[in-house]
Each structure stands twice: as C-alpha cells, then as structure tokens.
Amino acid sequence: MIAVETNKYAKYLIDTIEFSKFSRMNRWVDTNYHELFVFLAICFLMTRNKKVSLKEYWSTNQLHFSPIFSKLMSRDRFFLILSVLHFNDNKTQIPGDKLHKLKPVVDHMKSAYKNAFKPFQDICIDESLVLFKGRLGFKQYIPSKRKRFGIKLFVLCDVETKYILDFIVYVGKGTEIEDSDMGVSSSVITTLLQPYMNKGHSLWVDNWYSSPTLFNFLHQRQTNACGTVRKKTEKKCQDLGKN
C-alpha cells in the first residue's frame, strides 16, 4: 500500500511540475515492497546509530563512516524516496482530517495490536509523548514530560506485560473519540475500553481521568476502576458521598 501511494505521488509530481534536467525526480524509478522494507530498516537503524544530519550516514569521513548504510541503499536513492514517501491518497482527504496522511498505517497498527494479544485483568490508560520536533499542526509541548515536544497519544496498556493494546492520536478538536456527557477525559476512557468492557477487567488511571461518574459508569459494565485524585477532587467526592 505504501509503495502504491509513493509511486502515485511521484508520478503526480513528475506530470504536474516542470523539473529541470538536473532534478533528482527525473531519475525516479518506481519503488516496491522489498525496497521500502530496506528503506524502513535503514530508518530504524538510524535511531541506533545517531548522527548530526542524515547525510552523515553516507559520509566517507573516518569520523562518521558507517559502511552498512551505503551497502543497503545509495544516499541519493534514500533521499529521493524520502521526498515522495506517501501513505495515503491526497485526493481522498476530508477537510479537517489532520491524521489523513497516516491514517491507513495508524488504523492497521491499532487493529494488529488488538488482534495479537488478549490482556490480563489489570489494564491502564495514560498519556504518552512521541518525540517529534518538526513542523506539525497538532504537535504538543508538555513541560512535565521528558521529551517535552512531540505527538501526544492516549495509550491503553496491559499492566503485567506492558503491551500496547490500543492508542488514540491527539490532534486537537478532530481527535477521534466517542462523544460523552462525562467530559473529554471520560470519552477517552470509553473509546479505548469499548472492546474490553463487561469482561471483569480492572482499570488503573491518574487524576486527570478519575471521577465518581466515570467509575460508576464502568462499575455498571463489570469493569473495576482505581485512580489517583487531587485534593479538590477528593473533597468533591466526599461531599458527593455525604449527599
């Protein structure tokens, strides 16, 4: 699917934009599954052998030389694929859908996570920040996180194995969560827990999610819940109990 969309976008650029005879796009040859597999493997390998810039991975300088990269793929071919890499068709984008370009990959990953593992009794939901410093409309800055800049995720995990069962990419107003009259935090919980309710699971959360209304909602669906609370929230809970 990635190969098809990448080739389609490369063809679109060649057909609609006038390139000079020295442009790299004039040397474009359609990619395929095997070449993209190598391309993605190189991207993963780069995270284990960090350099200042991408070009340094193909440098012949003795200080930077890493022969494995040039053996796998030439520098020009890597940058050419990188410049046209596509995961979805631009023509099918719905206005306001900020996740459209990555949606097929995200949906495939979420489906694979769910089908590959059945959780134990204890599960938890928390926020995670994927490091990203590039230009992105829904990039977040969270000072309390170690990475601070990145893409915010709401993640559902199995407590015993730390396995990721599901996640939601936070894109702001267009975030795909179910509407709930209990608030945004509760909507995140009900969306991620949908396949796991009425099965006797125990959910663990932090104070942003904790509320008597949500916990009663989960209890009615045979799901236990436990979470930390702030002092103000604790007082409200005590007052609610007295009433």
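In this predicted model, strands β5 (residues 202-205) and β6 (residues 224-227) run parallel, and four bridges join them. One spot to look at along this pairing is W204, which stands opposite C226 in β6. To get from β5 to β6, the chain passes through helix α7 (residues 212-219), and the resulting β-α-β crossover is right-handed. Strand β5 also pairs with β1 (residues 122-131), again in the parallel sense, this time over three bridges. Here I123 has L203 of β5 as its bridge partner. So β5 has β1 as a partner as well as β6, by the rule that two strands pair if there are at least two bridges between them.

Just before β6 there is a small backbone oddity to pick out. Q222 is found in the loop between α7 and β6, and its phi is positive, about 55°, although Q222 is not a glycine. Q222 is exposed, with a relative accessible area of 53%. A similar story can be told for K162, which has its place in the loop between β3 and β4. Phi of K162 is near 65°, again a positive value in a residue other than glycine. K162 counts as exposed because its relative accessible area is 62%, and the cut-off for that label is over 50%.

Next come the aromatic rings. Searching the whole structure turns up 16 aromatic pairs. One of them is made by Y33 and F37, whose ring centres are 6.2 Å apart and whose planes make an angle of 45°, so the pair is classed as tilted. Why do Y33 and F37 sit about one helical turn apart? The reason is that they are four residues apart in helix α2 (residues 33-48). As for their surroundings, both Y33 and F37 are exposed.

Aromatic rings also gather in a bigger group: F39, Y57, W58, F69, F78 and F79 form one aromatic cluster. W58 is a good member to follow. Its place is in the loop between α2 and α3 (67-72). Is W58 buried or exposed? W58 is buried, because its relative accessible area is 11%, and anything under 20% gets that label. W58 and another cluster member, F69, are 11 residues apart in sequence, and their C-alpha atoms are 6.4 Å apart in space.

Some rings have a lysine for company instead. K110 lies over the face of F167, with 5.8 Å to the ring centre. K152 does the equivalent with Y170, lying over the face of that ring at 4.9 Å from its centre.

Finally, there is the largest pocket, which holds about 1800 Å³ of space. How many residues line the largest pocket? The lining is made up of 36 residues, and those nearest the centre of the pocket are L102, V130, L131, F132 and I151. Several elements contribute to this lining: α2, α5 (103-116), β1, β3 (149-158) and β4 (164-169) each supply at least two residues. Helix α2 gives the largest share, with six residues. That is the helix that also carries the tilted pair of Y33 and F37. Strand β1, which pairs with β5, is among the contributors to the pocket lining too.

Terms used: Residues are numbered from 1 along each chain as its sequence is written. This is a predicted model: local features need pLDDT of at least 70, side-chain atom pairs count only at pLDDT 80 or more; totals for chains, interfaces and linings use all residues. Side-chain values use heavy atoms; hydrogens and water are left out. A crossover is right-handed if, with the strands pointing away from the viewer, the path from the first strand over the helix to the second runs clockwise. Rings of Phe, Tyr and Trp (its six-membered ring) pair if their centres lie within 6.5 Å; planes under 30 degrees apart count as stacked, over 60 as edge-to-face and the rest as tilted. Buried means under 20% relative accessible area, exposed over 50%, partly exposed in between (1.4 Å probe, protein chains only). A charge sits over a ring if NZ of Lys or CZ of Arg is within 6 Å of the ring centre and within 35 degrees of the ring normal. On a 1 Å grid over the protein atoms alone, a cavity is a set of points where a 1.4 Å probe fits but cannot get out, and a pocket is an open set with protein on both sides within 12 Å along at least five of seven lines; lining residues have an atom within 4 Å of a point. Grid points are joined across faces, edges and corners, and a volume is the space filled by probe spheres set on the points.
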